[in-house]
Amino acid sequence: PPMLTLAGAKGEVSRLAFSPDARLLAASGGGRGLEVWELPAGIPWPRYARHHPVDGPVAFHPTRPLAFA
């Protein structure tokens, strides 16, 4: 059984990144944009849609709560 189901997760995930404090998880893949969840509850943040697919690397800023794809 899964340890955590992320609400709102859709489709394939090809990249994951945890924030430096491990409170956020970002995912990209399947051309759907960047998705971010607050952990450990798995609460989704507002979706970050882009005009083109986001299938590349995902990273967080080392000192600010910003995710990049």
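Start with Asp 21 and Arg 23: in this predicted model they form a salt bridge, with their closest N and O atoms 3.7 Å apart. That makes the cut, because the pair has to come within 4 Å. Side chains of opposite charge can pair when their charged atoms come close. Search the whole structure and you'll find 1 salt bridge. As for its acidic partner, Asp 21 has a relative accessibility of 46%, so it counts as partly exposed, given that the partly exposed class runs between 20% and 50%.

Now step back to the fold. The chain has 6 strands and 0 helices, so reading from the N terminus you simply get β-β-β-β-β-β.

Four of the strands come together in an open sheet, ordered β1-β2-β3-β4 and paired antiparallel. The edges belong to β1 (15-18) and β4 (43-44); each has a single partner strand, so one side of each is left without a neighbour in the sheet. At the β4 end, that strand pairs with β3 (residues 35-38) in the antiparallel sense, over 2 bridges. Want a landmark there? Look for Trp 37, whose bridge partner in β4 is Pro 44.

Finally, the chain as a whole. It has 69 residues, and 28% of them are buried. Take the contacts between residues at least 6 apart in sequence, and 40% of these join residues at least 24 apart. On the outside, the accessible surface comes to about 4700 Å², with carbon and sulfur atoms accounting for 63% of it.

Conventions. Residues are numbered from 1 along each chain as its sequence is written. This is a predicted model: local features need pLDDT of at least 70, side-chain atom pairs count only at pLDDT 80 or more; totals for chains, interfaces and linings use all residues. Side-chain values use heavy atoms; hydrogens and water are left out. Two strands pair if DSSP finds at least two bridges between them. A salt bridge is a side-chain nitrogen of Lys or Arg within 4 Å of a carboxyl oxygen of Asp or Glu. Buried means under 20% relative accessible area, exposed over 50%, partly exposed in between (1.4 Å probe, protein chains only). Contact means heavy atoms within 4.5 Å. Accessible areas come from the Shrake-Rupley method with a 1.4 Å probe; for residues, only the protein chains shown count as cover.
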